[in-house]
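Trainee: I've got a structure open and I'd like to talk through how its helices pack. Can we take it piece by piece?

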Amino acid sequence: MTRIEHAKVLVSGAGIAGMALAWWLTEHGAEVTVVERAAAVRDGGYKVDIRGAALTVIERMGLLERVRAARTGVRTGSVVDATGKRVASMDADTFGGRVHDDAELLRGDLATMLHELTADRVTYRFGDAIAALGPEVVFESGHRAAYDLVVGADGLRSRTRALAFGDTGVHDLDHYIAICSVPNHLGLDREELTYVGAGRTALVYSTAGQADAKAMFLFADPGGERPRGTEAQRAFLTAAYAGEGWEVPKLLDAVAGAGDLYFDTISQVRLDGWSRGRVALVGDAAYCASPASGQGTSLALVGAYVLAGELAAAGLDEGPRRYEERMRPFVAANQHLGPANIKRMVLRSRRQVRMSMRMLAVVNRLPGKERLLAKVVEPINKAANAITL
């Protein structure tokens with residue numbers, strides 16, 4: 001018998017962290033409800049990586065073979081210049097900082113797996129959200145219910161965090177990210193191309209089994225207020241890349257018709273504590289490391305596993321403290337990656353871009369270039385394994 005058997009737990013957010021936590025909580029005997037503002041689990045989305053300790057969590061959930069089968073199949077990654085010439089090319093795992101069994105798959109594919117795994121043991125409330133916290137949780141729909149524990153797994157802009165903690169804890173890294181589906185007008189076949197301009201990077205990739213492609217834009221904050229609403233975000237993005245070369249104008253034209261645009265600041269969440277009373281946080285809501293870290297999905301999976309395990313072992317009062325104690329060093333190692341990585345991903349000046357292109361061209365001609373380039377990504381692999389489960 002665990003310390004949370006028959007405990008009633010509400011998880012806010014049907015993302016990776018929320019659904020993984022729901023599964024582990026039910027494994028320990030809790031009765032779990034997941035509330036999600038969207039009408040259904042979000043499918044599609046960009047590609048994500050599962051590395052290091054997170055692979056152990058996936059294996060313990062019985063999902064390892066499904067995850068491997070769903071890998072994107074991207075074979076090569078290249079950096080291109082303004083003419084489209086491939087300045088440097090390498091295998092996709094080296095390009096993405098993956099080693100050994102690390103897996104890259106679409107976020108929507110992983111979300112679908114987790115939903116299927118939990119659908120018959122978790123109560124889902126789609127199309128609803130938490131409106132107020134108290135002795136009872138009040139939902140936007142008007143529904144009310146009492147829970148022994150509420151867990152915010154609702155992302156960078158967590159409503160649960162705002163209600164329970166007040167302080168958002170969001171620290172911007174002075175960059176933006178935008179991602180959406182675009183036509184595969186370059187005819188890419190499981191390939192990723194990256195173009196680097198001064199203060200703005202654009203990349204496009206295709207994955208196995210998908211006819212379209214995904215475009216991603218990473219750019220330094222040009223100043224001004226963060227745009228709200230899809231049209232304002234599209235206009236902001238277009239202005240930020242005005243006059244840029246390569247295929248950027250065509251990609252921006254495609255953004256105008258995309259129905260799945262994701263747009264936000266590149267930010268981290270830094271909080272002094274991840275629980276308050278009977279409210280706890282997990283995943284990006286607690287310790288977003290930013291997309292630049294490459295570790296958001298892995299942090300979500302490991303955090304869900306550790307939180308559920310500590311609650312089961314120590315109970316609702318002591319479990320959150322032990323979870324934080326276990327996770328803090330792991331989170332710190334992975335958050336450290338974000339600011340360092342974004343400086344390499346988005347170069348600030350034309351001079352930096354020219355020097356980087358020359359260096360890449362030289363390295364590209366060297367024998368054993370993959371081994372040389374692999375050293376650049378050693379920090380992410382070290383951080384991905386900086387916890388013992």
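**Helices, faces and a few odd residues**

Mentor: Sure. H1 passes H10 in a right-handed crossing. Bear in mind that this is a predicted model.

Trainee: Is H1 roughly parallel or oblique to H10?

Mentor: Start with the numbers: the axes of H1 and H10 lie 8 Å apart, and the angle between them is about 30°. Angles under 35 degrees count as roughly parallel. So the word for H1 against H10 is roughly parallel.

Trainee: How many nonpolar residues are there in the contact of H1 with H10?

Mentor: Look at who takes part. H1 brings Ile 16, Ala 17, Ala 20, Leu 21, Trp 24 and Leu 25, while the H10 side includes Thr 297, Ala 300, Leu 301 and Ala 304. Sorted by class, the contact of H1 with H10 has no charged residues and one polar one, and the nonpolar residues number 13.

Trainee: Leu 21 came up there. Is Leu 21 buried or exposed?

Mentor: Leu 21 sits in helix H1, residues 16-27. Beyond residues up to four places away in sequence, Leu 21 touches Val 11, Val 151, Val 282, Ala 304, Leu 307 and Ala 308. Buried means under 20% relative accessible area. Leu 21 has 0%, so the answer is buried.

Trainee: What about H2 and H10: is H2 oblique or roughly parallel to H10?

Mentor: The axes of H2 (residues 53-60) and H10 come within 8 Å, and they cross at roughly 55°. That angle makes H2, relative to H10, oblique.

Trainee: And is the crossing of H2 and H10 left-handed or right-handed?

Mentor: Picture the meeting place: Ala 53, Ala 54, Val 57, Ile 58 and Arg 60 of H2 against Ser 298, Leu 301, Val 302 and Tyr 305 of H10. By class, the contact of H2 with H10 has seven nonpolar residues, one polar and one charged. As for the handedness, the crossing of H2 and H10 is left-handed.

Trainee: Now a helix on its own. What arc do the buried residues of H8 cover around the axis?

Mentor: Val 248, Leu 251, Leu 252 and Val 255 are the buried residues of H8. An α-helix has 3.6 residues a turn, so residues three or four places apart point the same way. The buried residues of H8 are on the same side of the helix, because the arc they cover is only 100°.

Trainee: Which residues are exposed on the other side of H8?

Mentor: First, the covered side: S12, strand S13 (191-197), S14, S15 and H7 are among what covers the buried residues of H8. Turn to the other side of H8, and the exposed residues are Lys 250, Asp 253, Ala 256 and Gly 257.

Trainee: H7 is one of those covers. Within what arc do the buried residues of H7 fall?

Mentor: The buried residues in H7 (residues 230-240) are Gln 233, Arg 234, Phe 236, Leu 237 and Ala 240. Look down the axis of H7: these buried residues line one face of the helix, because they fall within an arc of 165°.

Trainee: Which residues of H7 are exposed on the other side?

Mentor: The buried residues of H7 have covers that include S12, strand S14 (200-205), strand S15 (213-220), helix H8 (248-257) and S16. On the other side of H7, the exposed residues are Glu 231 and Ala 239.

Trainee: Let's try some single residues. Is Ser 290 buried or exposed?

Mentor: Ser 290 is in the loop between helix H9 (284-287) and H10. Its phi is positive, about 85°, although Ser 290 is not a glycine. With a relative accessibility of 3%, Ser 290 counts as buried.

Trainee: And His 6, buried or exposed?

Mentor: His 6 also has a positive phi, near 70°, in a residue other than glycine. You'll find His 6 in the segment before strand S1 (8-12). Exposed means over 50%. His 6 has 52% relative accessibility, so it counts as exposed.

Trainee: Last one: which residues is Gly 127 in contact with, leaving aside its neighbours within four places in sequence?

Mentor: Gly 127 is in the loop between strand S7 (123-126) and strand S8 (130-132). At 54% relative accessibility, Gly 127 counts as exposed. Apart from those sequence neighbours, Gly 127 is in contact with Glu 36, Arg 37, Ala 38 and Ala 39.

Notes:
Residues are numbered from 1 along each chain as its sequence is written. This is a predicted model: local features need pLDDT of at least 70, side-chain atom pairs count only at pLDDT 80 or more; totals for chains, interfaces and linings use all residues. Side-chain values use heavy atoms; hydrogens and water are left out. Buried means under 20% relative accessible area, exposed over 50%, partly exposed in between (1.4 Å probe, protein chains only). Helices (H or I, at least four residues) and strands (E, at least two) are DSSP runs, numbered from the N terminus. The arc is that of the directions from the helix axis to the C-beta atoms. Contact means heavy atoms within 4.5 Å. Axes are lines fitted to C-alpha atoms, for helices over the stretch in contact, and angles run from 0 to 180 degrees between N-to-C directions. Angles under 35 degrees count as roughly parallel, over 145 as roughly antiparallel, 65 to 115 as roughly perpendicular and the rest as oblique. A crossing is left-handed if the near helix is turned anticlockwise from the far one by less than a right angle, and right-handed if clockwise. Ala, Val, Leu, Ile, Met, Phe, Trp, Tyr, Cys and Pro count as nonpolar, Asp, Glu, Lys and Arg as charged, and the others, Gly among them, as polar.
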